[in-house]
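Open the model in your viewer and keep the sequence panel beside it. The tour starts at one strand, moves outward to its neighbours, and ends with the whole chain.

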Amino acid sequence: MSSAFPEIYLVRHGETEWSLSGRHTGRSDIPLTANGEAAARKLTERLAGLSVSGVWSSPSERARKTCALAGFGAGAVIREDLAEWDYGAYEGVTTKEILAGRPGWQLFRDGCPSGEAAADVGARADAVIHALRKEAASILIFSSSHFLRVLAARWLGLPPQDGAHFVLDTTSISVLGYEHDLTEPVIRRWNQR
């Protein structure tokens, strides 16, 4: 179903060793695995015929490489506010390991010591949404899971913590848009593989 209104296409980066093992990968520049690169190349077919006014990417190597392998690297604008959640002391640590020392911890509720809280990520997402609405055009975005989940929550006017309810697989495509008019933001498609 196509829309008469702008659509925002969200692409989560390809697989990395850390995404495969469940390690929190915020600001570390972990390269794509061979499988991650192959999946990113397949995005070319999956995004064929897409008409967008701009391509934005997180500064991370994994997002930029996914963007390039998908065929959109040449025109991509790198935006710092699209960076993944800053996990601080939990960078490179799995949820299971965190829970061993901090039972009951939840990223979207509790945030990360020496890193970001959901409200911090939400403020960056709000800045991105403001820029998207100012563009008033269809944009393709390459970024990381937790940031994109918060972006989706904020797109709908939900608290950043509600990003916990939106799961994203590597190299998935999701689409934000509108229903009847520009006052009705919706999720048009989610986590398509």
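Select strand β2, residues 54-57: which of its residues are buried, and on which side does each lie? This is a predicted model, and the answers below refer to it.

**Stop 1: strand β2.** Show the side chains of residues 54-57. G54 and W56 are on one side of β2, V55 and S57 are on the other, and all four are buried. Both faces of the strand are therefore covered, where buried means under 20% relative accessible area. The arrangement follows a general pattern: in a regular strand the side chains alternate between the two faces of the sheet.

**Stop 2: the strands beside β2.** Add strand β4, residues 139-143, to the selection. β4 pairs with β2 in the parallel sense, over four bridges. Pick W56 to find a reference point across this pairing: I141 in β4 stands opposite W56.

Now add strand β3, residues 76-78. β2 and β3 also run parallel, and three bridges join them. Here the residue to pick is S57, whose bridge partner in β3 is I78.

**Stop 3: S144.** Go back to β4 and step into the loop that leads from β4 to α7 (145-155); S144 is located in this loop. Is S144 buried or exposed? S144 counts as buried because its relative accessibility is 1%. To see what surrounds S144, display R12, H13, R62 and E84: S144 touches these residues, leaving aside those up to four places away in sequence.

**Stop 4: the whole chain.** Clear the selection and switch to a cartoon view. The protein chain has seven helices and six strands. From start to end of the sequence, these elements come in the order β-α-α-β-α-β-α-α-α-β-α-β-β. The radius of gyration is 16 Å, close to the 16 Å that the globule rule gives for 193 residues, so the chain is as compact as a globular protein of that length. Along the principal axes, the C-alpha atoms fill a box of roughly 50 × 40 × 25 Å.

Colour by accessibility next. Of the 193 residues, 49% are buried. The chain exposes about 8900 Å², and carbon and sulfur atoms supply 50% of that area. For contacts between residues at least 6 apart in sequence, 67% join residues at least 24 apart.

Last, colour the charged residues. There are 21 positive and 23 negative charges, and their mean positions are 3 Å apart.

How values were computed: Residues are numbered from 1 along each chain as its sequence is written. This is a predicted model: local features need pLDDT of at least 70, side-chain atom pairs count only at pLDDT 80 or more; totals for chains, interfaces and linings use all residues. Side-chain values use heavy atoms; hydrogens and water are left out. Helices (H or I, at least four residues) and strands (E, at least two) are DSSP runs, numbered from the N terminus. The radius of gyration is taken over C-alpha atoms; the globule rule is 2.2 Å times the number of residues to the power 0.38. Buried means under 20% relative accessible area, exposed over 50%, partly exposed in between (1.4 Å probe, protein chains only). Contact means heavy atoms within 4.5 Å. Accessible areas come from the Shrake-Rupley method with a 1.4 Å probe; for residues, only the protein chains shown count as cover. Lys and Arg count as positive and Asp and Glu as negative; His and the chain ends are not counted. The place of a charge is taken as NZ of Lys, CZ of Arg, CG of Asp or CD of Glu. Two strands pair if DSSP finds at least two bridges between them.
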